[in-house]
Amino acid sequence: MTESTYRIQGATGEWEVIVGLEVHAQITTNAKLFSGAATRFGAEPNTQVSLVDAAMPGMLPVPNRECIRQAVRTGMAIEAQINRWSRFDRKNYFYADLPQGYQISQLYHPIVGEGQIEVTLDEKDPDSATKVIGIERIHVEQDAGKLMHDQHPTRSYVDLNRSGVALMEIVSKPDMRSPAEAGAYVKKLRSILRYVGSCDGNMEEGSMRADVNVSVRRPGEAFGTRTETKNVNSVRFVMAVVEYEANRQVDVLESGGTIVQETRLYDPDRNETRSMRSKEDAHDYRYFPDPDLLPLELDDAFLAECRASLPELPDAKRKRYETALGLSAYNAAVLTAEAETARWFETLIAESARIQGKSESDVAKAASNWLLSELFGALNRLGKDLETSPVSPTQGAELLALVADGTLSGSLAKQVFEIMLETGDTAGKIVEEKGLKQTSDTGAIEAAAAQVIAANADKVEQYRGGKEALFGFFVGQTMKAMGGKANPKVVNEILKTMLG
Amino acid sequence: MMTDLTNLTVAEIRDGFRAGDFTAREVAEGFNANVAAAKALNAFIVETPDKALDAADAADSARASGDLKPLSGVPIGMKDLFCTEGVQTTAASHILEGFVPTYESTVSGKLWAAGAGMLGKLNLDQFAMGSSNETSYFGNVISPWKRNDGGNAALAPGGSSGGSAAAISARLCPAATGTDTGGSIRQPAAFVGISGIKPTYGRCSRWGVVAFASSLDQAGPMARTVRDNAILLEAMSGFDPKDSTSLDLPVPAWEAGLSSDLKGKRVGIPQEYRVEGMPAEIDALWEKGIAYLKDAGAEIVEVSLPHTQYALPTYYIIAPAEASSNLARYDGVRFGLRDLPDGAGLQDMYAATRAAGFGPEVKRRIMIGTYVLSAGFYDAYYTQAQKVRTLIARDFDRAWESCDLLLTPTAPSAAFALGEKQADPLAMYLNDVFTVPASLAGLPAMSVPGGLDAQGLPLGLQIIGKALDEQGVLNAALAIEERAGFTARPDKWW
């Protein structure tokens, strides 16, 4: 835990930045919060709409148990207080994308109370500082539909596919003090949501978005007036908004102005925020308890099931990778940052251990290095990710086993891996067919080494004269002459002897 | 034909049809003819004679094949607050004029499944807001009753289920559905000399019923006899997973449980219901009711419901608050009326549509509701009203320590003339003074005819019961019905 030293250097001195985030996360379920309608992204407009979602006369909401369950599990994952009694309220306002004329939300009695998230400011740096960000609450609410203004020259159209989709609103405390902290918080929150499986965290598709509250103050003084920038949909943009807004507010304050409490919009193209509406124009939402719904009461069995169904979470997993698997802090951090990576890695080591007849901790280090350098490098190059990887964990484990038993050298393994990526064949098959097996045949290696020494008399002289760095040159040349198939250990030994 | 089939009760139609005394088609044709001849009452917004005949033919076939259902052969009227698949549903509003649902409300669906047929959609106060049926966009319902003073004043049938009340009283249908938010079944039933029961909140599903005030709205039957109410209520009630506030309980066999023997029952007389300025005739009726119940074996006890005087203002905060939000969906965007002036933006469309689509009483309640939920007023009005609502419910709980049922008048007066109270909304709201407390507490309550006033107009007595004790309410009403011998009916002038 550290104090942030991030400051805006104004003309009149230093300013501290205060950030709080309200993250809207779409709950991963097959059905909407209060209707049986489906929630598939990208479906044709108005094809995922029930009578309830369209607010037809006489329609009534019925809570979807799975949405409630996911919110509770999320609350448990951030060590939050779970409220056994909560209630839905109506937030009343008119807009064409809001069929009921109100959003069903939870103002007064949210389902999840205070919790916390520990963030690592730089996940790539094992020594990076960590910070605990407080969570104020999580409540469950309905999403609205979407207006389409580009379908007709003078009319707007309404797509109600999203209308009634379940969202969690995760409200942080104003605990962040820099763009980096805000970014790290969103990343960590997204990671936790994906581990729990309560939200896919896909910010591009809008299933996760943030309202960014920013204010500035002189270090140590009281909070300043904040602005709220709505619907920011990437980690990078969240950081950009904090930076832009903080600097804008400092400029306003230093030129004698005051900050107006208002809602702003972020324009990624121009990297700036613009005023949307001020507090004076703010709606009076006339919140009141939704009389169509009974209070939510959670019993012991339900809570126990929620807790039992929680997976190992990123922090616990990272610690286990370091202690039980002996991985470096860096490798452990990167492997656990995303649930998908950890899942892939755990299959890889399970398969490796099985094939090699060893324990997972024996194979973990080599497997983690291969995954993070070789596989990630290749996927990056191919523009793919683990989900679309041409090589499966089992195929990777087979390759690692061939290295471990000496069949393949490191460089041969690289060659085999390239072919695997291209053809999708297994390592065993490639080694067999292309004859890429490593050789320890000392006769052949000695012959190749002798030729290299004979052809490079000058370098032999220099080496013997003390330029020991040239040893690598002879190794490389000999390996090349062997077509890369020589066992590097044997090559080393032979060259040492031959070069004296 | 030996008897006019339209004079029969639901039970008589059901039993006579089963016995082969007449066909279901004869019954439906009789009521269809009465409906067609009663335009002057304006009780129906939509008439569906073909639906009534189709159901009748199905019933006649079912009888032939021995496959009868509880309401086979019985045609009924449907309050136009219930969404009916393929049949216009308006809530008596302009904003829903022409709206034809693609779905059937749970309650109406249950009635059709029980074999009933639909004679038509009955007029009502707009969005069920009113006590005289004068707020309907489709015009006033005229009560079939006239005063015996020689004058010819058109009387209010009560509201909001005024169409249902008028139609039953005039023999346009043997029974009908109603809905009751603050007295909308009981008060019109009293005004036209029929019976109607509002069951415990949650007995009947609200799914597919155009919402007025969600925490108060309850469907219930209206008919000429207590037995008919029991028959209808059995068909309408039951758990509905589509309504979160629906009660997950079995439906009792209320008709089979009917008994007018009240021995061992204690009936409470709440002293706070003796309101100032109440006509002596109402008081006398109440005394008669007490005598009937004593005669049936009940013990009469005085009880106190100390927060009664706050019930009406509480109701007129909570109901409009919920209504202001429930009616936000009528915005011209997806269905119903859309008024889109030239060059109008979204806000203009809302304003024009809602200005044209809602009547004055609906607007008044939306404004009251919006006001009481507004920032700065919420605690003083809405929060306070919710607290008082709890106190009112507690009053009843205390009363149940010394009695099983309560007896009160249904309304503070007999039917008034159309137009008489329209200028003064508060005077109109006072009509609900005796019916609103049971609504706020979610209790079953029923109006049963007790007699006529000096002008020859019907007066109703109200029985209020404990939650889920519809049987007790029906039985006490039956005891009154048997003793009051109420046979008066309006002379046909329409």
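This dialogue walks through strands, helices, domains and chain contacts in a predicted model.

User: How do the strands of a sheet pair, and in which sense do strand 7 and strand 8 of chain B pair?

Analyst: As a general idea, strands of a sheet pair through backbone hydrogen bonds, and the pairing is either parallel or antiparallel. In this predicted model, strand 7 (residues 266-270) of chain B pairs with strand 8 (residues 299-303) of chain B in the parallel sense, over five bridges, and Gly268(B) stands opposite Val301(B) in strand 8 of chain B. Between strand 7 and strand 8 of chain B the chain passes through helix 8 (residues 280-295) of chain B, and this β-α-β crossover is right-handed.

User: How many bridges join strand 7 of chain B to strand 9 of chain B?

Analyst: Strand 7 of chain B is joined by two bridges to strand 9 (residues 405-409) of chain B, and these strands run parallel; Val267(B) has Leu405(B) in strand 9 of chain B as its bridge partner.

User: Which strands stand at the edges of the open sheet in chain A that has the order 5-4-15?

Analyst: Here too the general idea is pairing through backbone hydrogen bonds. The open sheet of three strands in chain A is paired in the antiparallel sense. Strand 5 (102-105) and strand 15 (288-289) of chain A stand at the edges, each with a single partner strand, so one side of each is left without a neighbour in the sheet. Strand 4 (residues 89-92) of chain A runs antiparallel to strand 5 of chain A and is joined to that strand by four bridges, with Arg90(A) opposite Ile104(A) in strand 5 of chain A.

User: How should I read the crossing of helix 9 and helix 11 of chain B, and at what angle do their axes cross?

Analyst: Angles of 65 to 115 degrees count as roughly perpendicular. The axes of helix 9 (residues 311-326) and helix 11 (residues 360-372) of chain B come within 7 Å and cross at roughly 100 degrees, and the two helices are therefore roughly perpendicular to each other. The residues that meet include Ile317(B) and Pro320(B) in helix 9 of chain B, and Ile366(B) and Val372(B) in helix 11 of chain B; by class, this contact has seven nonpolar, three polar and one charged residues.

User: What does the domain assignment give for chain A, and how many residues of each chain take part in the contact of chain A with chain B?

Analyst: The domain assignment gives domain 1 (8-306), domain 2 (312-434) and domain 3 (442-499) of chain A. The contact of domain 2 with domain 3 of chain A takes five residues from domain 2 and four residues from domain 3, while the C-alpha centres of these two domains lie 32 Å apart. The contact between the chains takes 26 residues from chain A and 34 residues from chain B, and the side of chain A that touches chain B has 18 nonpolar, four polar and four charged residues.

Definitions and conventions. Residues numbered from 1 in each chain as written. Chains lettered and ligands numbered in written order. Predicted model: local features only at pLDDT ≥ 70, side-chain atom pairs only at ≥ 80, totals over all residues. Domains from an automatic or database assignment. Contact = placed C-beta atoms within 7 Å. Nonpolar A, V, L, I, M, F, W, Y, C, P; charged D, E, K, R; others polar. Axes fitted to C-alpha atoms, helices over the stretch in contact; angles between N-to-C directions. Parallel < 35°, antiparallel > 145°, perpendicular 65-115°, else oblique. Pairing = 2+ DSSP bridges. Right-handed = clockwise from strand over helix to strand, strands pointing away.
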